[in-house]
Amino acid sequence: MTKFLPLRRPLSVMARALTLAVASCASLAATTANSQAADAWPSQPLKAIVPFGPGSSPDQVARVVGEKASAILGQTIVIENKPGASGNIGTYAIANAKPDGYTFGVSITGPLVNNTLLFDKLPYAPATDLSPLTLAVHQPNVLVVPASAGIANVGQLLDALKKNPDKYNFPSPGAGTVSHLAVELLLQQIGARATHVPYPSSPAALTSLLSGDTQFAALPPIAVMPMVKDGRLKALAVTSSKRSALLPDIPTLAEVGVPGIEGSAWIGFVVSSKVPADVQKKLSDALIQAIRDPEVAKRLQAQYMDPVGSTPAEFRAYMDEELKRWEPLIKKLGIKGQ
């Protein structure tokens, strides 16, 4: 007996409509759930990762701004230090965090810009894995020497460097930071050599200077100015293009005969690019509001930092400028991350 299989009929117009309606409802439900989750954010404490050690400039910015942002958001912001690998470890932790907006962080030139040139491979791509929230502060690095060295001005330091090639060491809070690159540019311009020694933070670099392991440095003012004031260090110049209003008595390198060296040890807030855009905006708005708060600005200026509070787009554009600024030097000198 021949068996006849039933013909597979196409879905009726009504069935297709029903299928589309179910899919539409599911999509609407998901969208509504996401919207409600964003509206409820933040409903728990946040974590701010600092890719450098306690007491470093990024650490101070995270704590001062975080305290005010916590009040604005109505949730505690816990600071977590993850130093190491020129800031790459902590910055990767920010990029790789659960993308719910509850983990963000601060970082600087190296991990956000220059390390793409210094390292053959990074565990994260700054341009695509991280979203800028706001540029928090600018700060000029201060060129200093131990007071015991007997060097009174930039000219004397340059003479010592020229007469003693490879006998001087200088520290920084990581390869590719402005503390590192500003000195490399200085050495290049005067035709001298010195050995770079990277440390996990500005305080660690400062300790090496005070102990005699290194002989001169260009470090953030928050790290060195207390030692300048108590007489342990001598401030020779700042790396900004013009005198800082916060350090009016310290000349620029251009003023003392070494033009063309400009570098800001800036610090900014970033978050994983996978965080929903509306949550990113809420977090960015809170941080900008905190930075622009008069009391916060006063506290930052007391630490020799110029508050900024830029928009995310402005911060992104500035990082692009920084890459163009430092790329030629990094490639010319063949600098590699450590």
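Helices here are DSSP runs of at least four residues, numbered from the N terminus. Keep that handy for the exercises below, and remember that this is a predicted model.

**Exercise 1.** Work out which helix gives the most to the lining of the largest pocket, and describe that lining.

*Solution.* Start with the pocket itself: its volume is about 310 Å³. Of the 16 residues that line the pocket, H138, S240, S241, E262 and S264 are the closest to its centre. Next, sort the lining by class: you get three nonpolar, seven polar and six charged residues. Finally, the helix you're after is α12 (residues 312–333), which supplies three lining residues.

**Exercise 2.** Decide whether S179 is buried or exposed, then look at what surrounds S179.

*Solution.* First find S179 in helix α7, which covers residues 178–190. Its relative accessible area is 3%, and buried means under 20%, so S179 is buried. Now check the company: beyond its neighbours within four places in sequence, S179 is in contact with N141, F170, S172, P173, A218, L219 and P220. With N141 there's also a polar contact, side chain to side chain, at 3.4 Å. Last, S264 sits 85 residues from S179 along the chain, with 9.0 Å between their C-alpha atoms.

**Exercise 3.** Classify the ring pair formed by W41 and Y102.

*Solution.* The structure holds six aromatic pairs. In this one, the ring centres are 5.9 Å apart and the planes meet at 50 degrees, so the pair is tilted. The two residues are 61 apart along the chain, W41 in the loop between α1 and β1, Y102 in the loop between α3 and β3. Both W41 and Y102 are buried.

Methods: Residues numbered from 1 in each chain as written. Predicted model: local features only at pLDDT ≥ 70, side-chain atom pairs only at ≥ 80, totals over all residues. Heavy atoms only, no water. Buried < 20%, exposed > 50% of the residue type's maximum accessible area, 1.4 Å probe, protein only. Contact = heavy atoms within 4.5 Å. Polar contact = N/O pair within 3.5 Å; in protein donor to acceptor, adjacent residues only side chain to side chain. 1 Å grid on protein atoms, 1.4 Å probe; cavity = no way out; pocket = protein on both sides within 12 Å on 5 of 7 lines; lining within 4 Å. Points joined across faces, edges and corners; volume = space filled by probe spheres on them. Nonpolar A, V, L, I, M, F, W, Y, C, P; charged D, E, K, R; others polar. Phe/Tyr/Trp six-rings, centres within 6.5 Å; stacked < 30°, edge-to-face > 60°.
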